[in-house]
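Opening my notebook on this one. I'll jot down what I looked up, topic by topic.

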Amino acid sequence: MAEDFAKAVDDGLRLSKRLYFGKDRAVAPPRSLPTMDRMGRSLLPTAPMVYAVIDNPAIVDNPDVPSYQPHVHGRCDPPALIPLQMNGIELEVDCYLDTAIIRITGSWRVHCVMGSRSCDCRIAIPMGEQGSVLGCEVDAPRKSYRTSLITLEDIPKNVAEKPERVEGGILISNIYTLTIPQIDGGTTLSITMRWSQKLSYREGNLTLDVPFTFPEYVIPAGKKMSKKEKIALNVNVGSAAEVLCRTTSHPLKESMRKPGKLSFIYESEVLAWSKEDFSFMYSACSSQISGGILLQSPPMDDVDQRDMFCMYLYPGKEHGKVFKKKIVFVVDISGSMQGKALNDVKNVLSTALSKLHPEDMFNIIAFNDEVRRYSASMEMATEDAVERASQWINMNFIAGGGTDILLPLTMATEMLNDGGSDGSVPIIFLVTDGAVENERHICDVMRKNLTGKQSVYPRIYTFGIGIFCNYYFLRMLAMIGRGHCDAAYDLDSVEPRMRRLYKRAISTIFVNIAVDAFDDLDEVKVYPSFIPDLSSESLLTVSGRYCGNFPKTVKAKGLLANLDNIVLDLKVHQAKDIPLDKLFIKDQIELLTAEAWFSENKQLVEMVKNMSTKSGVMSEYTQMFIFQSTNKVGETIKVQQMKKNAYEKMEAPRSDKMMLLPFGGVGFGNLEATSENTPHGAGERKPEAAEIIVKAASNCCGNLCSYCCCPCCIQVCLKINNQCAIVLTQLCTALACFGCFDCCLEMCCDNRSVS
């Protein structure tokens with residue numbers, strides 16, 4: 001899909017050569033077009049973008065000053081995407097703990113379509129780390145559009161009420177697209193996009209990265225046009241700690257400073273839009289492990305009226321010693337892992353082994369429908385052992401066979417449980433790209449096998465590759481094992497995401513975290529159910545709902561790497577300015593979905609549906625739709641307030657309509673694709689050779705002349721000689737065998753008689 005999108009943008013940039021804006025300048029593609037092997041990435045959006053969807057190239061023209069270009073015959077299949085010119089952009093970011101809530105408001109003009117014609121507009125929203133779309137609003141002169149969520153059961157099934165479906169959905173893991181239908185040429189769109197994403201943490205600093213790199217071809221034509229760029233940033237760390245700004249990508253001006261809070265603003269008239277992503281690094285933690293607990297009452301319209309809480313722990317700048325590791329890599333080498341996926345995993349493993357210390361221990365298990373072990377027992381990570389392990393990986397990591405996860409996981413658990421307690425953290429690092437039938441049974445077995453024989457029982461870190469594995473099975477395994485889970489849905493992100501998860505796994509500094517105050521509450525639900533370990537590479541946040549009373553100070557106890565048991569005093573505060581219901585809703589929905597899948601509990605499913613529709617965060621049981629409202633001509637646009645938590649209770653006027661976007665969930669695995677070892681990227685059927693020939697023959701005019709007009713072809717045909725006409729006649733006769741059109745044959749015969 002990403003390659004198709006980039007190709008459509010490339011076609012759109014070529015089509016935009018038809019536009020003329022007087023003597024100021026013409027809209028043109030980039031000066032140096034990227035090579036084909038790199039075009040897929042370079043033409044993907046690196047900032048919020050809007051594109052005109054062009055299936056009829058004849059409508060492409062300046063809506064203000066017609067250029068009277070020669071008429072173009074034919075269609076664009078698939079449609080071309082012309083990037084729209086942007087007239088203004090405003091970025092507003094609120095950072096709370098390790099989460100950022102982002103709101104971008106911009107103005108785009110349909111500058112490439114005749115004023116008398118209309119086209120669809122494709123909105124692309126690129127997001128940062130673990131981004132999740134929260135909504136999009138579009139205002140046009142006569143219509144407005146709003147996104148919301150609806151449960152799958154509430155989608156009308158009968159033909160009369162069945163909603164229209166529009167293009168969009170997840171392009172790649174961090175880019176979401178949606179389509180607004182039939183916008184008139186020359187229209188100016190005011191668009192607001194909202195999403196949440198995670199902040200990265202390293203060496204005591206939190207870093208925000210927002211995609212904000214705009215290409216040159218979205219700059220409006222005309223030297224005198226005003227271009228305003230604005231950025232507003234608010235930071236709230238949840239405590240009275242001093243916030244220190246480290247680095248920033250844009251010239252921000254401090255507008256407010258209070259204990260634990262910081263605000264900046266930037267506003268300027270610019271000649272060109274931002275050429276780099278918005279980045280901001282700041283520090284708010286002490287030198288040692290610290291944290292706190294935030295409390296908040298639920299919103300009035302919340303279905304769950306239990307109070308909300310959040311516990312957070314900062315690793316500290318001088319976090320101290322990291323635990324020794326006993327790690328078993330459990331890697332899927334089934335047939336579907338063949339190619340780039342397995343090569344990237346091998347690269348990460350080789351690097352991971354080299355980063356182990358000599359006092360660490362390791363082993364490797366490769367599995368398909370059989371199991372191969374590097375060693376019968378755990379081995380010290382000496383230089384010689386690491387070298388032999390790398391050679392073993394190259395010899396044994398050969399893709400083939402089916403997928404059986406239970407046996408290798410059981411073997412890994414037995415290896416780690418037999419070692420006794422030596423002050424190290426035992427880790428199972430599972431990598432797979434498939435789904436298996438006995439996943440619930442595997443979770444039951446692992447829950448029983450992770451016993452209290454050791455002071456620290458084995459932690460489970462899971463990493464999924466592609467769209468065929470059951471992400472919620474992997475999430476449940478990680479929750480049972482007090483670890484973490486991550487996934488790479490596109491092959492290009494396998495290596496960086498797997499490296500990040502591994503770095504988090506081997507940087508543990510505080511384990512067996514327990515909070516006695518949770519047991520003293522009348523009722524409590526903690527997300528996740530088992531508190532994970534604290535790593536030097538990230539904040540630890542635990543959220544939930546409760547009934548009862550928290551004390552003024554809560555004690556959190558655990559074990560350090562030097563085997564000292566410590567108790568942290570966490571102060572309890574009321575979170576007045578921090579929206580706890582928005583910060584952790586994505587994690588809560590995913591964890592509850594994993595629990596609902598594992599327990600097959602319908603009540604949990606209903607809870608996920610309510611949380612999803614209320615918050616606007618997509619889930620496996622809801623689907624995003626676009627709600628169109630018609631505004632009366634001459635009146636100020638008034639946005640109809642919608643109930644975001646109950647579509648079934650909302651009655652829209654007859655003139656309004658609902659349009660469904662493609663389902664955005666990742667699903668619960670694909671057993672059929674796993675059993676057939678379907679390779680990654682094989683979601684769509686590739687055309688047969690005959691189909692390629694027929695398509696090429698039917699579009700030969702457009703491909704050879706690059707949107708040239710048919711009168712040119714007629715002039716060429718009139719000037720060909722008899723011999724050439726005979727050759728063309730024979731060629732068209734051959735193409736007719738593949739179902740090609742007969743008109744080409746008739747045209748050539750007529751031309752021969754004229755000659």
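Classes before anything else: I count Ala, Val, Leu, Ile, Met, Phe, Trp, Tyr, Cys and Pro as nonpolar, Asp, Glu, Lys and Arg as charged, and the others, Gly among them, as polar. This is a predicted model, so local features need pLDDT of at least 70 and side-chain atom pairs count only at pLDDT 80 or more, while totals for chains, interfaces and linings use all residues. Residues are numbered from 1 along each chain as its sequence is written, and side-chain values use heavy atoms, with hydrogens and water left out.

**Pocket**

I looked up the second largest pocket (a pocket is an open set of points on a 1 Å grid over the protein atoms alone, with protein on both sides within 12 Å along at least five of seven lines; lining residues have an atom within 4 Å of a point). Its volume is about 970 Å³, taken as the space filled by probe spheres set on the points, with grid points joined across faces, edges and corners. There are 44 lining residues, and Asp581, Lys582, Lys614, Ser615 and Gly616 are the closest to the centre. By class I get 18 nonpolar, eleven polar and 15 charged residues in this lining. Helix α12 (residues 602-615) contributes the most, with six residues. For naming, helices (H or I, at least four residues) and strands (E, at least two) are DSSP runs, numbered from the N terminus.

**Cavities**

Next, closed voids: a cavity is a set of points where a 1.4 Å probe fits but cannot get out. I find two cavities of 30 Å³ or more, and the largest has a volume of about 80 Å³. Which residues line the largest cavity? They are Thr99, Gln130, Ser196, Gln197, Lys198, Lys582, Leu583, Phe584, Ile585, Lys586 and Asp587. β11, α10 (580-583) and α11 (585-599) each supply at least two of them. The class split in this lining is three nonpolar, four polar and four charged.

**Sheets**

I counted two strands as paired if DSSP finds at least two bridges between them. One open sheet has five strands in the order β2-β1-β5-β10-β9, with antiparallel pairing. β2 (80-83) and β9 (168-172) are at the edges with a single partner strand each, so one side of each has no neighbour in the sheet. The twist averages 35 degrees from one strand to the next, using axes fitted as lines to C-alpha atoms and angles that run from 0 to 180 degrees between N-to-C directions. Within this sheet, β5 (residues 118-126) and β10 pair over eight bridges, and Cys119 has Ile183 of β10 as its bridge partner.

The other open sheet I checked has four strands, ordered β12-β13-β18-β15, again antiparallel. Here β12 (200-202) and β15 (244-248) are the edge strands, each with a single partner, so one side of each is left without a neighbour. The twist averages 25 degrees from one strand to the next. β13 (residues 205-210) and β18 (residues 278-283) share five bridges, with Leu206 opposite Tyr282 of β18.

I also followed β35 (residues 657-660), which pairs with β8 (residues 164-165) in the parallel sense over two bridges. β34 (residues 622-630) pairs with β35 in the antiparallel sense over four bridges.

**A loop threonine**

Is Thr187 buried or exposed? Thr187 sits in the loop between β10 (175-184) and β11 (188-198). Its relative accessibility is 12%, so Thr187 counts as buried (buried is under 20% relative accessible area, exposed over 50%, partly exposed in between, with a 1.4 Å probe and protein chains only). A polar atom of the Thr187 side chain lies 2.8 Å from the backbone oxygen of Asp184.

Note on methods:
Polar contact = N/O pair within 3.5 Å; in protein donor to acceptor, adjacent residues only side chain to side chain.
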